[in-house]
Amino acid sequence: MPLHKAFGVDLGSSAVKIYSQHQDTIIAEKNMIAIRNQDQILAVGNDAYEIFEKNPSNVSVISPVLGGKIADINHTEMVLKALLEKTDAQALLGYSLYLAIPSDLSEIDRRAYYTIGNSNRKNKIYMVDKTIADAVALGIPILHTKGTMIVNMGAQSTEISVIEQGRVVVSKMLDIGGKQLNEGIANEVRRRYNLHIGNRTARRLKFSLAYLGEDIMEARKIVGVDSLSGLPREEIVPSDVIHETILAPVRKICEEIQFFLERIPPQIRHNIEDQGIFVAGGTSRIPDMEWFLKQETGQKIRLSDYFEFCTVCGLKEIMGNRTLRKWVR
Ligand SMILES: Nc1ncnc2c1ncn2[C@@H]1O[C@H](COP(=O)(O)OP(=O)(O)OP(=O)(O)O)[C@@H](O)[C@H]1O
Ligand SMILES: [Mg+2]
């Protein structure tokens, strides 16, 4: 057994991404835990998601990270411990955890990250600003940039941050992400077709039908519960319904980006306008996102090829490169 192991961890609202340095692998699992009778762990990660929305009344399926922040320290610790065990975290002298933490956090929210993983005194916990990890993965010269904007569009949050000469000068978390798009889709299906669908079905509609540019002219059959009769019923949902539903929240993100650009000092803004805006996160996978953001903001958009893995890929680079360690606290 090795003496010491190191892991990079991005605790997302939807998925936990873990980089294992000794195995040089990245895993992603749903950030969920299923608990029976309030104290018995039934399943963690993807296994817990399998039970989600199908759980009996004595089983609760909990997402311990909400809106991009730790909402429940105990359950986050349980998820993390179980997932680390899956990645073979046993080491004689404990392990080092490099945790990515959002830039826009209050001191109280920040403390939750310090508490995580500290239950075992042998472990060492390091903090890396999420924006900095994203910037490393995006290849941005953090110390020298005169203004770089990074937008991370996740599952329950979109974080807009600006870096200038080695510091995150401003950062804001919006409560818009993939989950809010799913909820919008479920609400729209209920309004148009009098049909109740769950988060899973809404998510499937988003994955198969969402687009932001040219109409993909497709449709999907779904099964839901009729609002009046309470009986199961089928419906065909076309792609343009999904398109119209997701437009408003994505436009809101664009407005916030512009609001940011208008309020930062001109020399920083010029540099951002020169370079383009860097975009990462799972929600940026929606087809034509790059085109749409460019249309709405009038700025060049540079989409990360890593999407939702951008932050954890940044952690991987930071952990493996001594000169990048200055970004670790
Ligand atoms: N192809 C796709 N089309 C649309 N949405 C997608 C696609 N792939 C992933 N997503 C969405 O991306 C989100 C997950 O992204 P990500 O892993 O960056 O979020 P997170 O880090 O868990 O959340 P947060 O950063 O808000 O805490 C989910 O809402 C998922 O539905
Ligand atoms: Mg994230």
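Start in this predicted model with the loop between strand E12 (158-164) and strand E13 (167-174), where you'll find Gln165. Take a look at its backbone: phi of Gln165 is near 40°, a positive value in a residue that isn't glycine. Is Gln165 buried or exposed? Somewhere in between: with 45% relative accessibility, Gln165 counts as partly exposed, because that label covers values between 20% and 50%.

Now hop along to Asn194, which sits in the loop between helix H5 (178-193) and strand E14 (195-196). Asn194 isn't a glycine either, yet its phi is positive, about 55°. Its relative accessible area is 36%, so Asn194 is partly exposed.

Time to zoom out. The domain assignment splits the protein chain into domain 1 (5-133 + 311-327), domain 2 (141-176 + 248-307) and domain 3 (178-244). Let's follow domain 1 and domain 3, whose centres, taken over C-alpha atoms, are 31 Å apart.

How do these two meet? Seven residues of domain 1 are in contact with four residues of domain 3. The size of an interface is often given as the accessible area lost when the parts come together. Here, about 470 Å² is buried between domain 1 and domain 3, and carbon and sulfur atoms give 34% of that. On the domain 1 side, Tyr49, Phe52 and Glu53 supply 74% of the area buried against domain 3, more than any other three residues.

What about specific links across this interface? The rule finds zero salt bridges between domain 1 and domain 3, but it does find five residue pairs in polar contact. Helix H1 (residues 46-51) gives the largest share of the domain 1 side, three residues. By class, that side has three nonpolar, no polar and four charged residues.

Conventions:
Residues are numbered from 1 along each chain as its sequence is written. Chains are lettered from A and ligands numbered from 1 in the order in which they are written. This is a predicted model: local features need pLDDT of at least 70, side-chain atom pairs count only at pLDDT 80 or more; totals for chains, interfaces and linings use all residues. Side-chain values use heavy atoms; hydrogens and water are left out. Domain bounds come from an automatic or database domain assignment. Contact means heavy atoms within 4.5 Å. Buried area is the accessible area (1.4 Å probe) that two parts lose on being put together, summed over both. A salt bridge is a side-chain nitrogen of Lys or Arg within 4 Å of a carboxyl oxygen of Asp or Glu. A polar contact is a pair of N or O atoms within 3.5 Å; within protein, one must be able to donate a hydrogen and the other to accept it, and residues adjacent in sequence count only if both atoms are side-chain atoms. Helices (H or I, at least four residues) and strands (E, at least two) are DSSP runs, numbered from the N terminus. Ala, Val, Leu, Ile, Met, Phe, Trp, Tyr, Cys and Pro count as nonpolar, Asp, Glu, Lys and Arg as charged, and the others, Gly among them, as polar. Buried means under 20% relative accessible area, exposed over 50%, partly exposed in between (1.4 Å probe, protein chains only).
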